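Biologist: Before we begin, could you put the structure up, so that we can test each description against its definition?

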Amino acid sequence: MTATKGLEGIVATTSSISSIIDGVLTYRGIDIDELAEHASFEEVAYLLWYGKLPSQSELNGLRKELDAYASVPAEVIEAIRLYPKDTNTMAALRTAVSSLALYDEAAGDMSAEANLKKAIKLQAQLPTVVAAFSRIREGKEPIAPKSGVSIAHNFLYMLNGEEPDEVAVKALDQALVLHADHELNASTFAARVTVATLSDIYSGVTSAIGALKGPLHGGANEAVMVMLEEIGSLDRVESIIQDKLNNKEKIMGFGHRVYKNGDPRAKHLQKMSRELGKLTGNMELYEMSVKIEDIVTGQKGLKPNVDFYSASVYTTLKIARDLFTPIFAISRLSGWTAHILEQYENNRLIRPRAEYTGPSSARYIPINER
Ligand SMILES: CC(C)(COP(=O)(O)OP(=O)(O)OC[C@H]1O[C@@H](n2cnc3c(N)ncnc32)[C@H](O)[C@@H]1OP(=O)(O)O)[C@@H](O)C(=O)NCCC(=O)NCCS
């Protein structure tokens, strides 16, 4: 038995949800470029869960369900008040999602119908949880979700306590579309491994959040912003990035396990970053990002991934740096849950093998002889 480090190139499951073929990403066969251009996040979530685009009445039905489920139990909010104010936002989200299960009587109901309902419920509740934690740590009261608006709109409203402007809603909605699913990425795999034991959907999503948190995965968007803040201005880009490359440091937001010729999502976020920069009259983050890209791509051949330009996008939308990865989670929840439902439909325990590299023929030595 020979191990493949990081399971690179290993095909671990079949799936009809999303595909990456020759560098093209599709959700249910539809090119991400088309979806980014035309679809709302709610349409995409429907597409991932049900395998087809919704009709207008089906979309209205989903929006109604999302509205109905968006509140979270008071006990979960009370528990959030007890979290340390400076706790990591992804740790807070992981804990809060796990605690949502405690107040859902259907948490253990494994019928397909109940699981789909829980997926929709979690999709509705995640933005509420993230916004509530953000406000509580700032000493503010959480704001109840409102009905009749999109998830992107509602999230910004609950976060800031005021109606968001349309440009911000549109940008966030498009970012949610772009992050919704991505084949067998690390967090989705974690979710599938967890539920393949026939554990419940909340356990699967909690595992996924834990996996997304790391800087090699979803945590990279926050790490990109840390780097941009460290650089601070356009004139410092060259020397700092060159130092990092000379020191063989990883440049966050670059490289990808699957895409070697560029991440198809990155161009949409780059465009968004440029347009938002122009609109707000502050192009510096965008220009810094472009300069970093020129150097890293020029010298290493590495291209930006989905996380690179999302950092400048979210910062221009005045979103705190440590909410970037929770926003990724809000979006990817749609993909995670679609994969969880698919796993349940045709389940087999996921239990690979390990290539043993430890000592052989070792003997037990009594403790007083060691
Ligand atoms: C995404 C990522 C984890 C993929 O990892 P991987 O497939 O295991 O690729 P590796 O880490 O083996 O990288 C292959 C080579 O490219 C280099 N490389 C990869 N990403 C790099 C980066 N962001 N900056 C500098 N060098 C990088 C590695 O150092 C390695 O070089 P070597 O062969 O000389 O040792 C990796 O590219 C990375 O760490 N990127 C930064 C974090 C990030 O943006 N994550 C979000 C992904 S969407």
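Modeller: This is a predicted model, and in it a polar side-chain atom of Lys250 lies 2.9 Å from an oxygen atom of the ligand.

Biologist: What makes that pair of Lys250 and the ligand a polar contact?

Modeller: A polar contact needs a pair of N or O atoms within 3.5 Å, and the pair formed by Lys250 and the ligand, at 2.9 Å, meets that limit. A backbone N or O atom of Ile251 lies 2.7 Å from a nitrogen atom of the ligand, and an N or O atom in the side chain of Arg257 is 2.7 Å from a ligand oxygen atom, so these pairs qualify by the 3.5 Å limit too. The protein buries 64% of the 850 Å² that the ligand exposes when taken alone.

Biologist: Why is helix 2 called mostly covered?

Modeller: Buried means under 20% relative accessible area, and 8 of the 10 residues of helix 2 (residues 41-50) are buried, so the helix is described as mostly covered. Among the buried residues are Phe41, Glu42, Tyr46 and Trp49. Just after helix 2, Gly51 takes a positive phi of about 80 degrees.

Biologist: How do you know that the largest nonpolar core, with its 112 residues, lies between domain 1 and domain 2?

Modeller: Domain 1 (17-215 + 322-345) and domain 2 (220-316) both give residues to this core, and therefore it lies between them. Leu93 is one of the residues with the most contacts inside the core; leaving aside residues up to four places away in sequence, Leu93 touches Leu126, Val129, Val130, Ile209, Pro326 and Ala329.

Technical notes: Residues numbered from 1 in each chain as written. Predicted model: local features only at pLDDT ≥ 70, side-chain atom pairs only at ≥ 80, totals over all residues. Heavy atoms only, no water. Core = buried A, V, L, I, M, F, W, Y, C linked by side-chain atoms within 4.5 Å. Buried < 20%, exposed > 50% of the residue type's maximum accessible area, 1.4 Å probe, protein only. Domains from an automatic or database assignment. Contact = heavy atoms within 4.5 Å. Polar contact = N/O pair within 3.5 Å; in protein donor to acceptor, adjacent residues only side chain to side chain. Areas by Shrake-Rupley, 256 points an atom, 1.4 Å probe, with all protein chains shown as cover. Helix = DSSP H or I, 4+ residues; strand = E, 2+ residues; numbered from the N terminus.
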